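I opened the model today to look up one helix and one contact between chains, and I note below what I found.

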Amino acid sequence: MNLDIRTPIGLLFLSLGGLLVIYGFFSDPGIYFRSLNININLWWGLALLVFGGIMTYFGRRKTKLRPSSTP
Amino acid sequence: MPSLPLVLAAETVSTKLLSLSLPDLVIIVAYFAMVLGIGWYLKRQTQTGEDFFLAGREMTAWIAGLSFLSANLGSLELMGWAGAAYQYGILATHWYWIGAIPAMLFLGIVMMPFYYISKTHSVPGYLQLRFGENSRAFAAISFAFMTILMSGVNMFAMASVMKVVLGWDINFSIWVSSLTVAAYVSLGGLKSAIFNEVLQFVLIWAGAMLIPILGLIEAGGWENLKMEIAGRLGRSDYTHVWSTLGSFQDNPMGIHWTGIVFGLGWVVSFGYWTTDFLVVQRVLSAKDLRSAKMAPIIGAAFKMMVPLIVILPGLLGLGLLDMKLLPESEVKLTGGYSYNDVLPLMMARYLGPGLLGLGITALIAGFMAGMAGNVSAFATVWTYDIYRAFIKKDATDAHYVSMGRWCTIIGIFVSIGTAYLVMQFSSIMDYVQALFSFFIAPLFGTVLLGMLWKRATPAGGFWGLLAGTVSSIAMWFWVYMSPGALAYVALSPHAKPMAENMYRGLWSWIICVVVTVAVSLVTRPKTDQELVGLVYGCTPIPSEQHVLLWRRPILWAGVVGAAFIALNVIFW
């Protein structure tokens, strides 16, 4: 069985994005003076979550459809 | 393109630039766990020599293409060229556009069929098929030597950066990162190196993309940034790629357009992208010829976008940073920050706790991608082109795989040794670019003639390669012994080392081609029968008539080529 590279990429980005979003929710807004007062952890975390979700979806879907296909 | 040598005076710096908090560390640890996990998972799939050294020849065009680019996109590359953009302005973009795109498209469309159809496992392997054992031995030994040296130099420079930026101990950085690379490459072979390179490529973008986004928001858009830079420097030539190259004096780099087009765009860039096995190996792992042709084209499409996360941060530093950055040599005397620190400085400017960890992970990922590229290429060339060719000819496949695994680990240890050597004699860094140009330019001449001219003979190929390399070394020594010779070698007594390398590359390429042609004409050529699959005119190249138009490599090469021209016009 072959590993589809999109699955590990997707999982890594889902966990990194999740971490950043949670941290963005609970962190003190004062630390965002650097990033022009945008809560950058929250927004970039969401972007990474979306990317990770898309990668995982396509990685899993392809594995299900053609179990023996090349990655 | 190889990274600029960063000469860092790590031992003189006591204050660190950034400090990490808990979420940052969690992100970095998650990355290391993922990388090792992939290596461990792939170990089960890596049984044969094809699996270990060529990733089973089953990579898709996208994976091969992204890792092709990622193997080159080391952290020193990122930081060095961001620094170059601060120092020379947007001219540094030429190393990403004309210095890469034409060569990558040429590799995909013209050269890849011969590499791929010949079923070679390496570039020295191709030379053996085409020109015989002598050429192979010469290319393999010089490549193995260069690769390990480069790997050691990069390792040291990266550890120095970590020391400056995060205050990490040099020994700690060297050992942790290199043992991780040793583990995942020796477990899963090239497939593991390639998968991790793709992962690292995505991470580099995720970690670095915020800098240009937030930077452009702060500057108020690209036009405002250009005005800000022009206002600060009192000159407007930092934001044009071609319009200032009409004379040596009118631009920050002191270079003429002929140097950029012929020196960089032809010899240096084609030599690197089409014959450096480090990058070519990635494409050889493609699953079929169409994927092998598409891979460099996909790589080229992304290569064109890399200036967004490398050159633009340098320019933003020029327009927005309050402090003035200095050359490395001045930093050693007076303190402060050097040009090469501009990327970490911009990170420090915008990224707070959390995202900073992602940014640092991007730098570590870039570094490990480069090192994995070096050791996996080294392991292949050592095992197939030196060990199997000259030391132990007919062992079992399993024996060569275990040789490859051990050699990955030994390669890493030799690199670590080299890193400590560089630490003692930091002037070695100054010579790395020169060393690199000794071998790569003549090799390009030999491979190009080998592929396109069937009259080239084994003797011609070998003597051409030897003459080109020896003359390149001789020219370097000539300038080293009597600096006045620069006026002959680089056409100008005021040439910078970068210009000298380019012109020396050009001369040694010409010498290689002339000697190859001359010797070939007086020696006996191989018969057409022997050249099938190796040379233009003797190789049946599968027609693409039956392939749907939108799946044909030539179409996409055209699209990338058109975008390349458009970008050059837009930033003219």
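Entry 1, a long-helix check. I am working from a predicted model, and I began with helix α17 of chain B, residues 355-391, asking whether its end-to-end distance fits its number of residues. At 1.5 Å a residue its 37 residues should span 54 Å, and I find the end C-alpha atoms 50 Å apart, which agrees. I then followed the axis of α17(B) and noted a bend of about 30° at B:W382. Looking at its surroundings, I recorded α17(B) as mostly covered, since 31 of its 37 residues come out as buried.

Entry 2, the contact between the chains. I looked up which residues take part, and the contact draws 29 residues from chain B and 21 residues from chain A. On the side of chain B that touches chain A, I find that α1 (22-43), α8 (170-208), α9 (210-219), α16 (342-350) and α17 each supply at least two residues. Of these helices, α1(B) gives the largest share, with eight residues. When I sorted the residues on this side of chain B by character, I obtained 22 nonpolar, three polar and four charged.

Entry 3, the partner chain. For chain A I looked up the secondary structure and noted two helices and zero strands. Chain A has 71 residues, and I find 35% of them buried. I also looked at how far apart in sequence its contacting residues lie: of the contacts in chain A between residues at least 6 apart, 75% join residues at least 24 apart.

Definitions and conventions
Residues numbered from 1 in each chain as written. Chains lettered and ligands numbered in written order. Predicted model: local features only at pLDDT ≥ 70, side-chain atom pairs only at ≥ 80, totals over all residues. Helix = DSSP H or I, 4+ residues; strand = E, 2+ residues; numbered from the N terminus. Expected span 1.5 Å × (residues − 1). Bend = angle between axes of the 7 residues up to and from the residue. Buried ≥ 20, exposed ≤ 12 C-beta atoms within 10 Å, placed from the backbone. Contact = placed C-beta atoms within 7 Å. Nonpolar A, V, L, I, M, F, W, Y, C, P; charged D, E, K, R; others polar.
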